[in-house]
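Got your viewer open? Load the model, put it in cartoon view, and let's walk through it stop by stop.

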Amino acid sequence: MNVLATTLIIVFLPFNYYFAGLFAPSASTPIDANSRVEGATDEKKEAASENEKSLKGSLSNNNGNNASLSASGYLPQRVEDYHEEEISAGSSVVIDADSGTILHYSNGRNRTPIASLTKIMTAAIVMEKVNDLHEQIIIDSEMLKAEGTKVGCPTSVTCVAERLHEGEKITVKSLLTAMLLDSANDAAIALGKHVAGSQKGFAELMNEKAKEIGLSDSHFCNPSGLDEDNCYSSAYDLARIAVYSMKYDIIWDIMKMQEAEVSSCDGKYIHQLKNTDLLLGQIPNCLGGKTGFTYNAGKSLMVAAKDPDTGSHRIVAVIINDNNRWEDMPRLIDWTFDNYEWK
């Protein structure tokens, strides 16, 4: 009976479901790098071919049991008047967080520097490796020498609030908040050194995690995302990292905050933080987001959101190297919910 039911599902579901993630794993389960491209175009023919292989593998490994369609029980499919959307990003991806279905794809596996979008992976590893977020970290000179954005310095040339001080003791949670809101490189370096003893040691943990969750287009060199040779990821890998990080509510609770205040453990220094994501409060049902910028990576942005009409169906959108990111991201999210329905 199970075999018969499986056969009937494949025959009668719309053809695009075949490539949309039948028997999809949960959001935290590794997803094949080419799987579940909804509505393959010429750009995605190779990916569609891989989808077929992925589906056959799912069927053969199913042990006769029909798996659920997705973690939520729904799969996205195109609406009747679906139309394509183009934005000016060097690469971009939108995925359904629960099924892994790719809803928008443009150069999604292009390997490129990703700047501070790296910090999403950093945050996930910190959550896995630190048992107590109230553990104290002592700020040292290496952390303070970080280039680019730092605690109290929203740009590499402008400091508007109290910076970190050498010898200052501050908690992991406070630095996690600074890293995700201020995109503070000094905070990311401090967290990496606390967890692994060095930035390179932490990068090894990042690359091990990338391999563990099945990412094929990522190689990390440091916890901050500052430019180094041979450091890269892709829009698709970043979307999957964001989905993986959703298992840690605190990461997304922080990324939804407009601003915050943290202090040294002795209360001597108070640090004012402000989220670098200018779209907070402008996108309905926004779950949070993360910005990124270096001269090599360009301007990038990751945002997760729910369907504003239903309050469900989580998506993650990533745009990389886009000078119009603040305009393109809302347009891409609106397009996604206008052109897909979950059934």
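## The whole chain

Start zoomed out: of the 343 residues in the protein chain, 55% are buried (under 20% relative accessible area; exposed is over 50%, and partly exposed lies in between, with a 1.4 Å probe and protein chains only). This is a predicted model, where local features need pLDDT of at least 70 and side-chain atom pairs count only at pLDDT 80 or more, while totals for chains, interfaces and linings use all residues. For your selections, residues are numbered from 1 along each chain as its sequence is written, and side-chain values use heavy atoms, with hydrogens and water left out.

Colour by secondary structure and you get eleven helices and eleven strands (DSSP runs numbered from the N terminus: helices are H or I with at least four residues, strands E with at least two).

## Stop one: three strands

Select 298-305. That's strand β9, and seven of its eight residues are buried. Now add 286-294, which is β8: the two strands run antiparallel and are joined by eight bridges (strands pair if DSSP finds at least two bridges between them). They form a hairpin, with three residues between β8 and β9. Show Phe-293 and you'll find Lys-299 of β9 opposite.

Next, add 315-320 for β10. It pairs with β9 in the antiparallel sense, over five bridges. Pick Val-303 here; Ala-317 in β10 is its bridge partner.

## Stop two: a helix pair

Hide the strands and select 118-129 (α4) and 185-196 (α7). How do these two helices pack? Their axes are 10 Å apart, at an angle of about 35° (axes are lines fitted to C-alpha atoms over the stretch in contact, and angles run from 0 to 180 degrees between N-to-C directions). Side chains to show are Lys-119, Val-126 and Lys-129 from α4, plus Asn-185, Ala-188, Leu-191 and Val-195 from α7, which make the contact (heavy atoms within 4.5 Å).

## Stop three: Gly-148

Keep Asn-185 on screen and select Gly-148, which sits in the loop between α5 (141-144) and β5 (169-171). Is Gly-148 buried, exposed or partly exposed? Its relative accessible area is 22%, so Gly-148 counts as partly exposed.

What does Gly-148 touch beyond its neighbours within four places in sequence? Show Thr-155, Ser-156 and Asn-185: Gly-148 is in contact with these. Last, draw a C-alpha to C-alpha distance from Gly-148 to Leu-226: they are 78 residues apart in sequence, and the distance reads 8.0 Å.
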